[in-house]
Amino acid sequence: MQSESLVRDPSLAPDGHRKIDWAAEHSPVLNRVRDEYLKDGTFEGLGVGVSLPIEAKTAYLTVVLAEAGAEVSVASPGPFFVQDDVAAALAERGVTVYASSEADPAEADRELERVLDRVADGRDAVLIDDRAGLTRLSHTTRRDLLPRIRGASEETTSGVAKFKAMEREGILEFPTLAANDARCKYLFDNRYGTGQSAITAIMQNTNLMMGGKRLVVLGYGWCGKGIARYAMGLGARVTVCEVDPVRGLEAYADGFDVLPALEACEGGEIFITATGSTDVLTTEHFERMREGAILANAGGVDVEIDVDGLREASSGSREVRRNVEEFALGDGRKVYLVGRGMVVNLTAGDGHPVEIMDLTFAIQALCAHHLARSGHSLENRVHLLPKEIDDEVARIKLDAVGMGVDTLTPEQEGFLAGWRE
Ligand SMILES: NC(=O)c1ccc[n+]([C@@H]2O[C@H](COP(=O)([O-])OP(=O)(O)OC[C@H]3O[C@@H](n4cnc5c(N)ncnc54)[C@H](O)[C@@H]3O)[C@@H](O)[C@H]2O)c1
């Protein structure tokens, strides 16, 4: 189908179609959600604006929403998260795509604005957001579209934090859903998805082994826990750095060393940030690192590693392998940055495993469905996806892998809810 899409190279579509087909075949949960919930007419004539990395799994989510009757437009939260072949294929599947891996930052913002302009053009719309990009633009440069937006659901921990900051300031103009905070999202996507895909991206791009390496994980939230666990499983000796003493203690009880970052720098060989915060590794840290240290960021913001500071502290840099940049520090030591200091599993990898994103996007599809049906009656604040929907997604996934759970009897429910002996 012809569309108004703007992609880098339409001739790349065949490869993109193969990738999307593979994702579709390995998404039993999203497929069941599509058949049982999404085809009830809710999406007919509705706009769905999507900001997500353009790769096969996100592409399949947008195809499913378009098949359910929505007018779907999609852009990426940044040019480094765009697979041009997938963008080209999507444009042939009834989804309007504004995405190029070669867009500069201003063009990337323009792509997000185009999404808003298209989905809310003469119709109501819901948003599926990543790091609150569409929500930010709709509250700044596209305020005229606000009355048409029924709500936005957010994919990331960092984006939910921005929604909450907007709520605190009292400026949220539509209800939002913290898709990230659904249990079927963060327990699997942030933990197992980031764990597997960040470690895989570092191993594939450096071609180095994990076994025996001294690996430092900065941040022991859901992502950090997954990274530490996968690295340990591969034989790495893991040290965790935290600012929350309870999380630090949890890491200790999980079997890891826990040290302040400056101390951990002296022994570490691989460093992975996963905090969602800024200046976690700076020149102060680089100065203490040993020759050949490898740095990567798995957090959702690209300021965790002070890449500008690293560049200034270096006498030169060069790409030594695809996605691996070598920095020569003043005293002759070299350190290596994987994936530009941006989300390494996306800029230097294929993102999370399909089965993980199947869960995440079943949640996102149901968030969009919930906002489409109930957005008008929700307050303009940050909401959680209702627990029953989260539970249903888990039940579908268990069923898909041939497993299941029990149900409480009325007597058990009464016992648990009561206080009398
Ligand atoms: N790579 C991916 O694909 C992916 C997937 C999901 C989430 N994310 C992003 O990863 C980041 C972390 O997500 P999460 O769900 O683990 O969040 P979280 O809030 O569960 O954990 C973050 C942890 O970092 C710690 N922290 C904060 N500042 C620190 C510092 N300076 N030094 C050490 N520790 C510090 C916090 O105490 C907290 O325990 C977010 O930006 C999120 O958006 C990335």
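This is a short dialogue about two sheets and a ligand site in a predicted model.

Guide: Local features here need pLDDT of at least 70 and side-chain atom pairs 80 or more, while totals for chains, interfaces and linings use all residues. Residues count from 1 along each chain as its sequence is written, and side-chain values use heavy atoms, without hydrogens and water.

Visitor: What makes E10 and E13 edge strands?
Guide: Strands are DSSP runs of E with at least two residues, and helices are runs of H or I with at least four, numbered from the N terminus. Two strands pair if DSSP finds at least two bridges between them. The open sheet runs E10-E9-E8-E11-E12-E15-E14-E13, with mixed pairing. Strand E10 (257-258) and strand E13 (314-321) each pair on one side only.

Visitor: How do you know that E13 pairs with E14?
Guide: Six bridges join E13 to strand E14 (residues 324-329). Pairing takes at least two, so E13 and E14 count as paired. The two run antiparallel. Ser314 has Leu329 in E14 as its bridge partner.

Visitor: What makes E7 and E16 a pair?
Guide: Two bridges join strand E7 (residues 176-177) to E16, and the strands run parallel. One bridge partnership is Thr176 with Val382. Their open sheet has the order E1-E4-E3-E2-E5-E6-E7-E16, with parallel pairing. Its edge strands are E1 (6-7) and E16 (382-383).

Visitor: Why is the link from Glu242 to the ligand called a polar contact?
Guide: A polar contact is a pair of N or O atoms within 3.5 Å; within protein, one must be able to donate a hydrogen and the other to accept it, and residues adjacent in sequence count only if both atoms are side-chain atoms. A side-chain N or O atom of Glu242 is 2.5 Å from a ligand oxygen, so the pair qualifies. Asn190 has a side-chain N or O atom 2.8 Å from a ligand oxygen. Ala298 uses a backbone N or O atom, 2.8 Å from a ligand nitrogen.

Visitor: Which helices give two or more residues to the shell around the ligand?
Guide: They are H7 (157-168), H8 (183-206) and H9 (222-233). H8 gives the most, three residues.

Visitor: Which residues come nearest to the ligand?
Guide: A residue is near if one of its heavy atoms lies within 4 Å. Of the 27 around the ligand, Ser158, Glu242, Arg247, Ala298 and Asn345 come nearest.
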